[in-house]
Amino acid sequence: MDSLKYAWRNLMHQRTYTFINILGLSLGIACSIVIFSVVNINLSYEKFNPNFSKTYRITTELHQDVQKQITGVPYPLTDAFRTDFDFATNITKIFTARKQVISIKKGDAISKFEEDVAFTDSEFFNIFNFPIILGNPRSQLNQQNTAIITEDIAKKYFAGIDPIGQIMRLENKLDVTITGIIKSLPNNTDRREQVYVSFESLKTLQPWQIKKDHWTNVNDDMQCFIVLKEKILPEIVNKSLTQLTKKYYVPENQKIWKFKLQPLSDIHFNIDMGGKISKQNIIVLSIIGIFLVVTACVNFINLATAQALKRTKEIGIRKTLGINRKQIFWQFMTETALICLVSLMTSLGLLLILMPYLSAFFNISIGNLQYTDIRFIIFVPVLLLVVVFLSGSYPAIILSGFNPIIAIKGKYPQTNTNFSLRKILVSIQFIIALLLILGTLVISKQINYSLKKDLGFKSSELVIFPIPNNTSAVIERLRNRLAAVAGIEKSTFFYEPPISEEANNAGIRYDNRNEDEKFTISYRVSDEQYVKVFGLNILAGRNLISSDTIMEYLVNESTVKSLGLKKNADILEKTVYINGNKGKVVGVIQDFHHKSLHSPISPLAITSANVWYFNFAIRVSARDLRHVLGDVEKIWTETFPENVYKYSFFDQQITEAYSQERRYLDIISIFSCIAIVIGCLGLFGLISFMAAQKTKEIGIRKVLGAKVQGILWIFGKELLILILVGIVVAAPISWWTMNRWLENFAYKINIGFDIYFAAIAIVLAISSATVGLKSYRAARTNPLKSLRTE
């Protein structure tokens with residue numbers, strides 16, 4: 001207890017030193033706890049499911065010139081797998097319809113909501129552990145036009161009313177009866193749908209999605225999950241899935257269409273298959289967390305050893321009074337433990353306040369899972385012990401080892417090495433800071449490149465609106481009313497805009513060839529104004545003529561090349577079969593990016609069909625935007641009175657395609673700033689130590705006529721050497737790491753010297769500002785006062 005009181009009194013006596021250490025350690029500990037929480041929650045995804053290790057999703061692989069991976073499967077596959085094989089205890093199919101309008105009638109009032117709706121069967125709840133708290137679990141979703149909702153949706157739609165038996169209307173077409181309620185979804189699942197409707201209901205709402213012979217039609221939202229029986233290995237199932245291809249595909253398609261199991265444990269981390277965060281990013285985050293803790297500990301060591309100069313006499317006196325080295329060692333460790341404990345409490349308090357903001361920033365719910373999780377409860381005290389040991393052991397060993405006679409004179413033992421441990425530690429801080437800064441600059445440059453690159457179409461001044469009811473009569477009436485709105489330059493009706501991550505791929509057969517091609521083709525459905533509104537460039541032939549009876553196609557340059565044709569004109573007026581639909585190619589458009597820059601440009605076709613127009617876009621100048629949106633809102637709500645009015649800007653949609661990279665950039669930027677702050681504190685400690693150690697030298701130099709600039713250079717050259725060491729180590733590591741990250745992009749920047757110069761400039765500017773004040777103060781010290789210290 002006496003040792004603890006002495007430690008506390010000593011820390012209060014050195015308040016500046018204590019405050020700086022607590023600040024540095026609090027930042028490092030807080031960041032490491034946040035990163036641990038994020039990593040821990042991500043690693044826990046789907047593990048609440050009882051058959052987690054035996055659950056798989058069947059995915060589609062299209063083996064073409066460029067292999068494509070699709071999270072969905074053709075609709076008939078689930079029933080075929082159930083019929084042809086006996087590998088699974090549970091099999092379910094689920095189709096997710098995005099942003100469906102749900103209408104709830106209460107008396108004469110109708111409330112409208114927009115939700116993602118999952119169409120599935122009762123087997124789904126045997127695979128995913130979403131407990132049913134109201135209703136009969138065995139009979140759920142077995143009948144057509146029935147639904148299950150979460151308790152959160154029940155409170156949202158039917159506050160104060162028993163939701164069982166209530167009616168919901170989907171897309172103003174289908175009435176479904178609520179027969180069950182499930183618990184609120186856990187935070188650590190990627191299945192975020194809160195409305196589940198019987199799969200058979202899809203026949204009424206979207207019948208084209210469930211054609212039994214559509215083996216060559218696949219999209220990401222039609223998925224199949226299975227739970228394998230005991231002793232059934234996934235390798236066996238993968239081999240057996242080739243039998244489905246041989247049985248249900250014509251010979252020319254058997255080499256293209258492959259099916260493969262994807263473990264449930266991989267779904268959250270597989271970015272190519274719709275995952276939220278890659279394992280690579282999890283590792284990077286973990287390394288950043290370790291870096292920040294190490295940086296904070298290095299900062300503490302440098303400050304502690306700098307502060308030791310003021311305590312040499314104290315140590316010498318205590319040793320002459322009979323206190324041994326072990327007691328002094330533990331005294332300093334007690335002080336370190338106190339500082340670390342206060343830093344930990346400060347960190348936890350700060351995180352408790354900031355938790356809602358951190359959850360929103362990381363796009364993940366941290367608070368509810370964190371403080372009660374056993375891994376978190378173990379991690380915090382272990383982290384405290386590690387920080388105490390790393391931070392306190394070296395200063396305590398050095399300080400307790402002072403020679404009492406030298407220490408009483410107030411002298412600090414001199415080292416014979418030109419590059420002391422303190423300098424090595426500061427160099428480590430520079431390396432960490434440079435790695436984070438270089439990563440920030442590369443990611444920022446790649447995102448800016450992606451947003452500014454010419455994508456091959458126009459994206460500005462375009463507003464997109466949904467079409468809930470796309471009958472020919474409604475579309476024609478809407479088209480005529482939009483044409484009468486002053487300020488609308490052009491309008492077009494379509495299924496998807498030019499760039500979209502939704503995978504609509506189909507087989508293609510060209511002209512008189514007997515087999516489908518070895519590649520699939522993406523397709524867009526639009527009217528003839530699509531090319532003009534989005535600024536696409538026709539290189540050969542003509543534009544589409546909209547018709548519900550005659551099918552025409554525009555294809556891109558990549559299609560021509562993939563077909564092995566020499567000139568764009570060679571494909572004109574030729575017949576092609578796309579997804580089984582016969583049509584004539586009337587034009588070739590210039591290649592444009594119809595997916596994000598992660599993917600290379602692939603074959604694409606555009607055709608027209610009113611039944612597929614689910615959106616329309618208008619081109620309007622910024623000066624007319626306000627009154628035009630008001631007029632369009634009136635037209636839209638009068639045309640679709642039972643739906644929720646909404647719109648989006650096309651350029652914002654493109655920006656959102658890189659939301660994951662932008663979040664990653666924000667994370668690294670923040671941690672870079674924190675690393676720099678902590679590093680500056682460590683640098684401040686090193687310069688303080690150097691200034692105290694060179695007090696006599698500075699005094700002699702000034703007596704001999706040295707100028708302030710010369711004194712400053714003594715400290716400046718030390719700084720330059722440390723930065724140079726940091727660059728030599730950090731440059732190759734960052735080059736290799738960031739080039740690996742850039743491999744995720746088909747179109748990317750080159751890492752040039754400008755990025756390294758910018759990183760060096762940032763570190764040099766911040767470091768010079770940190771060193772300058774302390775160095776200038778040392779250089780301006782009265783030489784008589786300096787020499788009197790001897």
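This section describes the internal cavities, the salt bridges and one antiparallel sheet of a predicted model.

Analysis of enclosed space in the predicted model gave four cavities of 30 Å³ or more. For the largest cavity, the volume is about 120 Å³. Its lining is made up of 13 residues, and those closest to the centre of the cavity are F430, I676, G679, C680 and S767. Three helices each supply at least two residues of this lining: helix 16 (421–452), helix 22 (659–693) and helix 25 (753–779). By residue class, the lining of the largest cavity comprises ten nonpolar and three polar residues, and no charged residue is present in it.

The sheet considered here is open and consists of four strands in the order 13-21-12-22, with antiparallel pairing. Its edges are formed by strand 13 and strand 22 (648–649); each of these has a single partner strand, so one side of each lacks a neighbour in the sheet. In general, the strands of a sheet pair through backbone hydrogen bonds, in either a parallel or an antiparallel arrangement. Six bridges connect strand 13 with strand 21 (residues 615–620), and the two strands are antiparallel. Within this pairing, I618 of strand 21 stands opposite S491. Strand 21 is also joined to strand 12 (residues 462–466), here by five bridges and again in the antiparallel sense. A617 of strand 21 is the bridge partner of I464. With regard to solvent accessibility, five of the seven residues of strand 13 are buried, so this strand is largely enclosed by the rest of the structure. Strand 13 is thus described by two separate properties: an edge position in the sheet and a largely enclosed setting within the structure.

A total of 20 salt bridges was counted in the model. One of them is formed by D84 and K247, whose closest N and O atoms are 3.4 Å apart. This pair links distant parts of the chain, since D84 belongs to helix 3 (residues 77–84) and K247 to helix 7 (residues 234–248), with the two positions 163 residues apart in the numbering. D84 is partly exposed, its relative accessible area being 28%, whereas K247 is exposed, with a value of 54%.

A further salt bridge connects R191 and E193, with 2.7 Å between the closest N and O atoms. R191 is buried, at a relative accessible area of 9%. E193 is likewise buried, with a relative accessible area of 5%.

In the pair formed by R524 and E496, the closest N and O atoms are 3.2 Å apart. R524 is located in strand 15 (residues 520–525), while E496 lies in the loop between strand 13 (488–494) and strand 14 (505–510); the salt bridge therefore ties together parts that are 28 residues apart in sequence. Both R524 and E496 are buried. In addition to these pairs, D79, R82 and K93 are joined into one network by salt bridges that share partners.

Methods
Residues are numbered from 1 along each chain as its sequence is written. This is a predicted model: local features need pLDDT of at least 70, side-chain atom pairs count only at pLDDT 80 or more; totals for chains, interfaces and linings use all residues. Side-chain values use heavy atoms; hydrogens and water are left out. On a 1 Å grid over the protein atoms alone, a cavity is a set of points where a 1.4 Å probe fits but cannot get out, and a pocket is an open set with protein on both sides within 12 Å along at least five of seven lines; lining residues have an atom within 4 Å of a point. Grid points are joined across faces, edges and corners, and a volume is the space filled by probe spheres set on the points. Ala, Val, Leu, Ile, Met, Phe, Trp, Tyr, Cys and Pro count as nonpolar, Asp, Glu, Lys and Arg as charged, and the others, Gly among them, as polar. A salt bridge is a side-chain nitrogen of Lys or Arg within 4 Å of a carboxyl oxygen of Asp or Glu. Buried means under 20% relative accessible area, exposed over 50%, partly exposed in between (1.4 Å probe, protein chains only). Two strands pair if DSSP finds at least two bridges between them.
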